[in-house]
Amino acid sequence: MINNEIISVRNLKKFFGDVKAVNGIDFDVHKGEIFGLLGPNGAGKTTTIKLLLGLLEPNEGNISIMGYDPEKDEVEIKKNIGYVSEEPLIFKSLTPKDLFNFIASIRKLDPDNATERAKEYLESLGALEYYEQLIATLSHGNKQKIQIVASILHDPDLLILDEPIAGLDAKSVRVIKEIMDIQIDKGGSVLFSTHIMEIAQDLCDRIAIINKGKIVGIGTIEELSRQADRLGSNLEDIFLRLTEQDTSVEEIVKKLRKSFNQRKVR
């Protein structure tokens, strides 16, 4: 690991035919920080995450995760990472109990300790009642809770969370925030992708905003506001400006208000 960098990305590119999903991006994630990766739909966020995890091969560029190369050191990286995808990637033919026992086995965790921790996490997320129920029968939100517990059971140094709070209730979102804070308190790091600007602004130490495969802004909220020439603005305004959507949003709002006022007059 170079200095304090737990993730280092340089000139990363991934093309699908003529589509430049990721087009020459650079960023670092430091030890002990929550780093946000934000962007519109189709901007390249999930592709970037899959490249970090070694699920896709880059066309060009370099990635280092805790000093390891995802293409060469996949096993070592997986030992130290917890990953939550937007769509739950878990064995739906198992129960949570079966899944956590399987994880404890392959990660060589103490089975009794792993069971105790899993139940504590499930209880905090309001999902303990599903411990012995088939995952396939659970709602999207409860599948997501199971996936989150599975990602932290081995106490990883790095959490990579791709829209982890999609479909979760307010209480569970609060618990996820606490889990992320605990991750930082113990010296770990979090790469966090979300569409919810308020949560990103509240949680993230630094943020990279990606648009059309390129990073268009990176830094703290204050640094991003200067890059967007929006001093004192909230993250939503900064995001819309840096992704060149602010003008179109204003036009849409004007049209909606005009249409509403015309109907009101009638």
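Which backbone oxygen does the side chain of K14 reach? The views below, taken from a predicted model, start with that one.

**View 1. K14, a buried lysine without a salt bridge.** The answer is the backbone oxygen of E57, which the K14 side chain reaches at 2.8 Å. K14 itself sits in strand β1, residues 5-16. Look for a carboxylate partner and you won't get one: the nearest side chain of opposite charge also belongs to E57, but it is 6.7 Å away. With a salt bridge needing nitrogen and oxygen within 4 Å, that pair doesn't make the cut-off. Beyond its neighbours within four places in sequence, K14 touches V19, K20, A21, V22, T47, L51, E57, P58 and N59.

**View 2. The E33–R206 salt bridge.** This is one of ten salt bridges in the structure, and here the closest N and O atoms of E33 and R206 are 2.8 Å apart. E33 comes from the loop between β2 (19-30) and β3 (34-38), while R206 is in strand β8 (residues 206-211), so the pair ties together parts 173 residues apart in sequence. Both ends are tucked away: E33 is buried at 6% relative accessible area, and R206 counts as buried at 17%.

**View 3. E76 and K79 on helix α2.** These two side chains meet in a salt bridge at 3.2 Å, N to O. They are three residues apart in helix α2 (residues 74-80), which means about one helical turn separates them. E76 is partly exposed, at 29% relative accessibility, and K79 is partly exposed too, at 48%.

**View 4. K177 and D202, a bridge between two helices.** The closest N and O atoms of this salt bridge are 3.9 Å apart. K177 belongs to helix α6 (residues 170-185) and D202 to helix α7 (residues 197-203), so the link joins parts 25 residues apart in sequence. K177 is partly exposed, with a relative accessible area of 21%, whereas D202 counts as exposed at 52%.

**View 5. A nonpolar patch and helix α3.** F91, F102 and I106 make a nonpolar surface patch of about 310 Å². Of these, F102 can be placed in helix α3, residues 96-106, and it counts as partly exposed at 38% relative accessibility. S105 is found in helix α3 as well, and at 53% relative accessibility it counts as exposed. If you want a distance to check, S105 and Y121 are 19 Å apart, C-alpha to C-alpha, with their positions 16 residues apart in sequence.

Notes:
Residues are numbered from 1 along each chain as its sequence is written. This is a predicted model: local features need pLDDT of at least 70, side-chain atom pairs count only at pLDDT 80 or more; totals for chains, interfaces and linings use all residues. Side-chain values use heavy atoms; hydrogens and water are left out. Helices (H or I, at least four residues) and strands (E, at least two) are DSSP runs, numbered from the N terminus. Buried means under 20% relative accessible area, exposed over 50%, partly exposed in between (1.4 Å probe, protein chains only). Lys and Arg count as positive and Asp and Glu as negative; His and the chain ends are not counted. A polar contact is a pair of N or O atoms within 3.5 Å; within protein, one must be able to donate a hydrogen and the other to accept it, and residues adjacent in sequence count only if both atoms are side-chain atoms. Contact means heavy atoms within 4.5 Å. Patches are made of residues with over 30% relative accessible area and no salt bridge: like charges are joined within 9 Å, nonpolar side chains (Val, Leu, Ile, Met, Phe, Trp, Tyr) within 5 Å. Accessible areas come from the Shrake-Rupley method with a 1.4 Å probe; for residues, only the protein chains shown count as cover.
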